[in-house]
Structure formats: structure tokens, C-alpha cells
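This briefing goes through one protein model by topic, from salt bridges to surface and interior spaces. Please keep the structure open while reading.

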Amino acid sequence: MRQDKKTESHDITSDGAVMETILSQWRHERPDIDPAPMAVCGEIWRAAERLRQGVLANLSDCGLDLAGFDVLLTLRRQGHGESLSPSALAKEMMLSTSAMTNRLDRLEKRGLIQRTTDPNDRRGLKILLSDEGFALANEMVVSHVETEERMLCALTDADRKQLRTLLTKIGVQPAKPGKT
């Protein structure tokens, strides 16, 4: 029977076991596998969750969720008075058009967007920010960038460039099912 090992306090953080402790445990329990990918993915997931929580906290004052915020900022990037069709908006946000309908309904109900008839196709719609939505998006993009800056302040410009490069390598690589 194996005895439980005590974990010293310096091996534990508020987020749980330090990754090196986790790797050590896996190496002990399964010396036949290399747990290094777990460490990389675990740190990415932990960082992503921290960033997500920071962004959500920033959005809480204006009553937006990430989905609505993404719509507002995507429309804001187009310029004042500019519009997108629902399918073009979905494409810019990397979503299906079916995922877009509920988002647009909620934002329209709050008076943040308007649906108008496409002047080039009476069957089509165009989505644009209302004046209120434009003002909110302008305000939120500033606090959003400030929030992200606070969360990334430990990284130098070189660190940020390197991190983007590395994450891009992972992001553009298609997932390969099955064993490698």
C-alpha cells in the first residue's frame, strides 16, 4: 500500500498544484509517457481562463456577455454608420449564422444595433450599430484594451511578439485525430 505524500506549501498556488508538481506526479505514476504536452496545454488553458475572467469582469458594468461584446466591437471596427450582413458578421466573428440570430436579437432589444434592409437586395439585411451602441463600443474598446494591458503587463514587447508567434503556430495547425 502506498503512503500519501504531503505536498509542501511552496508547491501549491491559489490556482492549484504548480505544473512542475503535476508533471512530477505523472512521471512517477506513468513513467511510460511524457506528460510535457499536459504542461503546455494546461498553462495555455489556465492563462486563457484568467484572460476570459478579466474580460468578463470588465464587461459586467455594461451588462454585456462576451458574445454581445464581440458583435459590438466587430461592427465598431467597420466604422461609424457602416454595416454588415448577418452572414458577413458571422464570418468576421468565425461563427455560424445560426449562432448569430440570438445575439442580434438581444442587442437589438437593448437598442444597441439596428437591422435595416440591404439597399442592394431587398431580401437581405444589414446590421449596424445604433448611436447608443456606437458610443458603448467606443467606451468599451478603451476599457477592454486597458484590461488586457493590465493582464499582460508582466510581458515585454518581445515576450508578446514571441507568444503571438507561438500561439499562431498552434492555432493554424489543424487538429489531427487519432495517434501520432
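**Charged pairs, surface and internal space**

Glu108 is partly exposed, with a relative accessible area of 33%, and this value, like every other one here, comes from a predicted model. The side chain of Glu108 meets that of Arg115 in a salt bridge, with 2.6 Å from N to O, and Asp105 joins Glu108 and Arg115 in a network of salt bridges. The points below begin with such charged pairs and then turn to the overall architecture, a nonpolar patch, the open and enclosed spaces, and one buried loop residue.

**Salt bridges**

- The count of salt bridges in the model comes to 8, and among them is the pair of Arg115 and Glu108.
- Arg115, the partner of Glu108, has a relative accessible area of 26% and is therefore partly exposed, since that class runs between 20% and 50%.
- Glu149 forms a salt bridge with Arg160, in which the closest N and O atoms are 2.9 Å apart; because Glu149 lies in helix α6 and Arg160 in helix α7, the pair ties together parts that are 11 residues apart in sequence.
- Both members of this pair are partly exposed, Glu149 at 39% relative accessibility and Arg160 at 22%.
- Arg52 and Glu49 also meet through their side chains in a salt bridge, at 3.1 Å from N to O, and here the two residues both lie in helix α2, 3 residues apart, which is about one turn of the helix.
- Arg52 counts as partly exposed at 35% relative accessibility, and Glu49 likewise counts as partly exposed at 35%.

**Overall architecture**

- The secondary structure comes to 7 helices and 5 strands, and from the N terminus on the elements run in the order β-β-α-α-α-β-α-α-β-β-α-α.
- Of the contacts with a separation of 6 or more, 47% are accounted for by residues that lie 24 or more positions apart.
- Buried residues make up 26% of the 180 residues in the protein.
- The accessible surface comes to about 13100 Å², and carbon and sulfur atoms hold 54% of that area.

**Nonpolar surface patch**

- Val40, Ile44, Trp45, Leu163, Leu167 and Ile170 together make a nonpolar surface patch of about 560 Å².
- Helices α2 (36-59) and α7 (157-172) each supply at least two residues of this patch.
- Leu167 is found in helix α7 and is partly exposed, with a relative accessible area of 37%; because patch residues need over 30% relative accessible area, this value lets Leu167 meet that cut-off.

**Largest pocket**

- The largest pocket has a volume of about 380 Å³, and of the 14 residues that line this pocket, the closest to its centre are Glu43, Ile44, Ala47, Leu51 and Leu163.
- The elements that give two or more residues to the lining are α2, α6 (131-152) and α7, and α2 gives the most, with 8 residues.
- Two residues named for the pocket centre, Ile44 and Leu163, also belong to the nonpolar surface patch.
- Helices α6 and α7, which both contribute to the lining of the pocket, are also the helices that hold Glu149 and Arg160 respectively.

**Enclosed cavity**

- The count of cavities of 30 Å³ or more comes to 1, and about 30 Å³ of space lies in the largest cavity.
- The lining of the largest cavity is made by Leu75, Gly79, His80, Gly81, Glu82, Leu128 and Leu129.

**A buried loop residue**

- Where does Ser130 sit, and which residues does Ser130 touch, not counting residues up to four places away in sequence?
- Ser130 is found in the loop between β5 (121-129) and α6, and apart from residues up to four places away in sequence, Ser130 touches Gly111, Leu112, Ile113 and Gln114.
- At 7% relative accessibility Ser130 counts as buried, because the cut-off for that class is under 20%.

Note on methods: Residues numbered from 1 in each chain as written. Predicted model: local features only at pLDDT ≥ 70, side-chain atom pairs only at ≥ 80, totals over all residues. Heavy atoms only, no water. Patch = residues over 30% accessible without salt bridge, like charges linked within 9 Å, V, L, I, M, F, W, Y side chains within 5 Å. Areas by Shrake-Rupley, 256 points an atom, 1.4 Å probe, with all protein chains shown as cover. Salt bridge = Lys/Arg side-chain N within 4 Å of Asp/Glu carboxyl O. Buried < 20%, exposed > 50% of the residue type's maximum accessible area, 1.4 Å probe, protein only. Contact = heavy atoms within 4.5 Å. 1 Å grid on protein atoms, 1.4 Å probe; cavity = no way out; pocket = protein on both sides within 12 Å on 5 of 7 lines; lining within 4 Å. Points joined across faces, edges and corners; volume = space filled by probe spheres on them.
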